[in-house]
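Visitor: I've got a structure loaded and would like a quick tour. Could you talk me through a few of its local features?

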Amino acid sequence: MTGHDLTYWLFGLLSWSDFPPKANIIATGAASIAILGVVVVAGLLTLTRRWRWLWQEWITSLDHKKIGIMYIVTAFVMLARAVIEAVVMRTQQAFAVNASGIVGADHFAQLFSTHGSIMVFFMAMPFLSGIINYVMPLQIGARDLTFPFMNAVGLWLTAAGAALVMVSLVVGEFSTGGWSGYPPYTELAFSPGEGVDYWIWAVTLASLGTTLTGINFAVTLYKERAPGMHLYRMTLFCWTALCTSILMIFAMPPLTLSTAMLALDRYCGFHFFTNGMGGNMMNYANMFWLFGHPEVYILILPAFGVWSEVISTFSGKRLYGYKSMVIAVMSIAVLSFTVWLHHFYTMGQGANVNAVFGIATMLIGIPTGVKVYDWLLTMYRGQVRLTAPMLFAVTFLFCFVLGGLSGILLANPPVDFSVHNSLFLVAHFHNMLIPGTLFGMIAGYMYWFPKVSGFRLDERWGRISWACWSSGFIIAFSPLYVLGLMGAMRRTAQTFQPEFQMWMTAAWVGSGLILCGAIALGVQFYVSLRKRRELAVPAGDPWDGHSLEWWSPCPPPEYNFAVLPKIEDTEAFTAMKREARAYISPENYEDIAVPCRTALPALIGVAGFICAFALTWHIWWAALAGFLAIWACVILRSLEVETTRIIPADDVRDAHEEWLSLARSIAPVDRFDECRPTNLGRAKALQ
């Protein structure tokens, strides 16, 4: 074996040129920030001697609440990168009118590929999975998800995919094929480097994790509901979680299959998507959008659930039209599988097919409109409090309706043909996903933060963040509608039309305001942490909540509920408060079983990352080792006998009675005093 052969066997395609410094100062700076972030976190953990705490309390935990928090932390880290990349792209376009701008065309293509992939797969998906993970079992009166081990595996596979994307900042380059990875451009002949492989394996890890998570959510909602909670007594958030989990189960496999087939094309010389070699690239488009359009509703439906909780709670009213909302959610979930072809009206499938899918696309507007009217009627004559989450809800209603109207326009095939791949399309889907999904996740984060941490978030900085996010969004994306109608195409690094300059500059200013909104979220967390004693809500109900998650301390115990409740109403906790049953001691307590900690899910994630990184760089021995390690962990789990531990009834009684005593001693606070220090987590219920 020659020296070259040995080097290839050990390191595959990796070489020193794949490491920093990069080709330009911006790429080198990004790689440096990524490395510095890891060093700072490791240093802080070492200085504070928190490594053992991190391992025992978080990495090895199977508690659904901690897993949910780790999902959300992952989402915020990835959001920070995606927002910075968006600002760089808007800066490039604003300064590249008859000029070269600040980055080259190839770097710009990497930016929009990573930005889209992160926002869909590694920001929005972990964010919604995290919120559902934390809140849904509490709302249905469950102790945990049905399969705690599977839940942790889903988290760590998703984290492994996110880590692979972050590593691409430092080692090599990412794909330039967009978040959808369309062949033939992503075939080996046109993209021979490691970029597309990074994308394939990162997305594959995330899609496998999401599939497991969807199965877990669905089974939990069907099997773990508290006594008396039939389906029509679930909160609307739980209904949206159920529909989302069904979409995950059926929509993620086409994505996994399409990325696997693309990998076979690239690695093994197959020709699934090679026109002229027995393949057809339209097969990829069909499979990807069989996932892609249900994915839009995987992203938006949990946010609909959050908006229902936020608007109902901060309006002081029962959600208007509950059953019509449930029917609308289910209708949207079903119709989402009937519209995938509207993503390629321009690809020649014929006028009749286009008309059918255009009509199906327009039909989705009907149940969506029902939900908007129900939210507005919930607010009507309610005692509305314009807290930060409610302000995000108001922005959502305004922007989402406008974005929906542009969607109805795009459902018309001739209109779509005219503006396809233009910035009009970019404005439309950002108009749906930022106010709809991202603002919904931020509102949910603010709304449920007291439940997670035991203290409220600072209201002043929450409103500053809302103002920056909302104004920034409107200023950044409204000009894109105009630019799209003027003929500006998306994914374009330079333009030579001077009439675009004013609109590009406005979008750049808006992106800067969005960055300020993201920074304000970080400041809000820091300020709230410093003022946590003043903002503490130990009694557990700071907003006069309606559902069961507020019937527990802040934060809840590992087992969620000392005694499982018997449900007699959709708004279970409101009924308890009105009948003065909320803080009464139960007659007896029982031992409670909770899942034992285990390192195996995290090890599966590490092995998955090693396998994916090695496949990207053709380090075959490491890829095989990672793959075998995954299955070794699965086998080891099957051999574990003690998977649960018992919390004695006496310990449960002591903790629960202490909380009940505290809650009974706290004076209830009027709903309009929620943001004052007198709010210790016991709301004065409306009669």
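Guide: Sure. Helices and strands here are DSSP runs, with at least four residues for a helix and at least two for a strand, numbered from the N terminus. Bear in mind that this is a predicted model.

Visitor: What is the helix content of residues 49–568?
Guide: In an unreviewed entry, UniProt lists that span as "domain: Cytochrome oxidase subunit I profile". Its end C-alpha atoms sit 48 Å apart. Strand accounts for 0% of the span, and helix for 68%.

Visitor: Are H4 and H6 roughly parallel or roughly antiparallel?
Guide: Helix H4 covers residues 64–95 and helix H6 covers 148–167; their axes come within 10 Å and cross at roughly 15°. Angles under 35 degrees count as roughly parallel. That crossing angle therefore makes the pair H4 and H6 roughly parallel.

Visitor: How many residues in the contact of H4 with H6 are nonpolar?
Guide: H4 passes H6 in a left-handed crossing. H4 brings residues including Ile67, Met70, Tyr71 and Arg81, while H6 offers, among them, Leu155, Trp156, Ala162 and Val165. Sorting the contact residues gives 1 charged, 5 polar and, for the nonpolar group, 11.

Visitor: Which residue forms a salt bridge with Glu85?
Guide: The whole structure has 17 salt bridges. In the one made by Glu85, the closest N and O atoms are 2.9 Å apart. The two partners are 4 residues apart in helix H4, so about one helical turn separates them. The partner of Glu85 is Arg81.

Visitor: Where is Pro184?
Guide: Pro184 follows a cis peptide bond from Pro183, with omega near 10°. As for its place in the chain, helix H7 spans 195–223, and Pro184 is in the loop between H6 and H7.

Visitor: What is omega for the peptide bond that joins Cys554 and Pro555?
Guide: Pro555 is found in a loop, with helix H17 (501–530) on one side and helix H18 (572–578) on the other. The bond joining Cys554 to Pro555 is cis, and its omega is about -5°.

Visitor: What is the phi of Asn421?
Guide: Asn421 lies in the loop between helix H14 (413–419) and helix H15 (423–453). Although Asn421 is not a glycine, its phi is positive, at about 65°.

Note on methods. Residues numbered from 1 in each chain as written. Predicted model: local features only at pLDDT ≥ 70, side-chain atom pairs only at ≥ 80, totals over all residues. Heavy atoms only, no water. Axes fitted to C-alpha atoms, helices over the stretch in contact; angles between N-to-C directions. Parallel < 35°, antiparallel > 145°, perpendicular 65-115°, else oblique. Left-handed = near helix turned anticlockwise from the far one by under 90°. Contact = heavy atoms within 4.5 Å. Nonpolar A, V, L, I, M, F, W, Y, C, P; charged D, E, K, R; others polar. UniProt positions renumbered as here; feature names shortened; annotations may be inferred. Salt bridge = Lys/Arg side-chain N within 4 Å of Asp/Glu carboxyl O.
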